[in-house]
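Biologist: Could you walk me through the pocket and the ligand, and explain the terms as we go?

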Amino acid sequence: MTARIIDGKALAAQVRQQVASDVAQLRGVGRPVRLTAVLVGKSPAACVYARNQALACREVGVEYSLRELPVTVTQDELDRLLRELAADRSVTGIMLHLPLPEHLHTQQAQYAIDVIKDVEGVNPSNIGHVVYGYSIIAPCTALAVLALVESTAVSLRGAEVTLVGASRIAGKPTALLLTERGATVTLCHIHTRDLAAHTQRAEILIVAAGKAGLIDRRHVRPGAVVIDVGINRIDTTDANGKTVRKTVGDVDFDSVVPLASWITPVPGGVGPMTLAMLLRNTVRAARLVYGLEQPFGKIPGPVSESRRELRIP
Ligand code: NAD
């Protein structure tokens, strides 16, 4: 068996197309979608991310603005700005770039993001709502993983799922969303004894640990769906013996591909889909702000409409 590739870029393009149409429709009735991002300091990685995000927003018609704060900003000043944005009726979506400088408390700042404008789904209330099986706005990475799994048409109901990585923003909310879809989820982390015993059982294996090469063929059950959330920058040698930087996931892709039924590549898998889910959440936030959608409802079938059209090679 050779795994079929889950094309995160193609699936994300379908979501972005839907978002662009939703944004145009809202603009047409005088309800613009406006996202304000807050960036503290000027770390090169965050600046690149902010630039790419601005571009992605413009492509789908979302009006994007960036509020830059100096690296010396105090917690009070940051929280105050986030509250001002919450109260500003011309802003329909808010996000805060991470990481913050060490003197700032991330969770406290995220708590100051208006729950219905929180396009990343990182306010502790939004993460917590996933427990109830419904959401105001769910975390983007968890939504992306769900969308990618569902794009394979492999049923989640009753499926054995193992998740490696139990962070608050990736692993845990993903585990809850999948449980909500009827999967039996095992959540592994750094203290898990005998990781392979858990991963080998998985019909669907999701890895979000941030450790390049953590999972190889010895960990994978033949026929499993493998979703690689990890993003790691490693040094490798090119054909000319030169050292080059490369982005890889947590899964040793080449060793797992002959064994799995479906697999996400890195790059080109979860990453683009997470950004697409951010854009979709941005539309959801605008609809909530304008009173066109209700805060509580079922967590959406991520790409339910577009799934029918998706053709994965
Ligand atoms: P984190 O450091 O907050 O959490 C890592 C989790 O993995 C922890 O629960 C830890 O216990 C577990 N872990 C670490 N080493 C392990 C090991 N050897 N065995 C078992 N469990 C282990 O990280 P995070 O923020 O959740 O991110 C994880 C990875 O996912 C990173 O590479 C990050 O860049 C990536 N990420 C990607 C996206 C995306 O859109 N593609 C989004 C979020 C995070």
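**The pocket and its ligand**

Modeller: At least two residues of the largest pocket's lining come from each of helix H1 (8-28), helix H2 (44-59), strand E4 (93-96), helix H4 (106-111), helix H5 (124-129), helix H6 (140-151) and H10. Helices (H or I, at least four residues) and strands (E, at least two) are DSSP runs, numbered from the N terminus. This is a predicted model, where local features need pLDDT of at least 70, side-chain atom pairs count only at pLDDT 80 or more, and totals for chains, interfaces and linings use all residues. Residues are numbered from 1 along each chain as its sequence is written, and side-chain values use heavy atoms, leaving out hydrogens and water.

Biologist: What makes the contact between Ser-167 and the ligand a polar one?

Modeller: A polar contact is a pair of N or O atoms within 3.5 Å; within protein, one must be able to donate a hydrogen and the other to accept it, and residues adjacent in sequence count only if both atoms are side-chain atoms. A side-chain N or O atom of Ser-167 is 2.5 Å from a ligand oxygen atom, so the pair qualifies.

Biologist: Which backbone atoms also approach a ligand oxygen atom?

Modeller: A backbone N or O atom of Ile-190 lies at 2.9 Å, and one of Ile-231 at 3.0 Å, so both pairs fall within the cut-off of 3.5 Å.

Biologist: Why are 10 residues of the ligand shell called nonpolar?

Modeller: Because Ala, Val, Leu, Ile, Met, Phe, Trp, Tyr, Cys and Pro count as nonpolar, Asp, Glu, Lys and Arg as charged, and the others, Gly among them, as polar. The shell's remaining residues are 8 polar and 1 charged.
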